[in-house]
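Reader: I'm new to protein structures. Please pick one part of this chain and take me through it closely.

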Amino acid sequence: MNREKERRAIQYLKTFEPESEPYYLCYSGGKDSDCIRILAELAGVKHECKHSLTTVDAPETVRYVREIIGKENIEYPELSM
């Protein structure tokens, strides 16, 4: 059953892929974000992952996000919480 859900999700991503721009994936570093990022990679669709730093994220999460999507894809706030 899970393979069917994966196949269907990949097909949806391909079917609704924007023509002029990549998917914009808001990436938190959590398991749901990883799931959609991996599905986009498996689908072969154009996508861009961005993370909005909250300044209260766990250090482990920040390190993981940097490792997975790169620090150039992290948006930093003007003010800290």
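Author: What follows is a close look at helix H2, then at what surrounds it. This is a predicted model, in which local features need pLDDT of at least 70 and side-chain atom pairs count only at pLDDT 80 or more, while totals for chains, interfaces and linings use all residues. Residues are numbered from 1 along each chain as its sequence is written, and side-chain values use heavy atoms, with hydrogens and water left out.

Start with the layout. The chain has three helices and three strands. Both kinds are DSSP runs, numbered from the N terminus: helices are H or I with at least four residues, strands are E with at least two. The order from the N terminus is α-β-α-β-α-β.

Now the helix. H2 covers residues 31-43. Its expected span is 1.5 Å times one less than its number of residues. For 13 residues that gives 18 Å, and the end C-alpha atoms of H2 are 18 Å apart, so the two agree.

Which residues of H2 are buried? They are Ser33, Asp34, Arg37, Leu39, Ala40 and Ala43. Buried means under 20% relative accessible area; over 50% is exposed, and in between is partly exposed (1.4 Å probe, protein chains only). An α-helix has 3.6 residues a turn, so residues three or four places apart point the same way. The cover over the buried residues of H2 includes H1, S1, S2 and H3.

Just after H2 comes Gly44. Its phi is positive, near 75°.

Val45 is worth a stop. Apart from neighbours within four places in sequence, Val45 is in contact (heavy atoms within 4.5 Å) with Leu13, Lys14, Glu17, Tyr23 and Ala40. Ala40 is one of the buried residues of H2.

Val45 also belongs to the largest nonpolar core, which has 15 residues. Such a core is a set of buried Ala, Val, Leu, Ile, Met, Phe, Trp, Tyr and Cys residues joined through side-chain atoms within 4.5 Å. Leu13 and Val45 touch the most other members. H1 (2-15), S1 (23-26), H2 and H3 (59-69) each supply at least two residues of this core.

Last, the strands. They form an open sheet in the order S1-S2-S3, with parallel pairing. S1 and S3 (74-75) are at the edges with a single partner strand each, so one side of each has no neighbour in the sheet. Two strands pair if DSSP finds at least two bridges between them. S1 and S2 (47-52) are joined by four. Tyr23, a contact of Val45, stands opposite His47 in S2.
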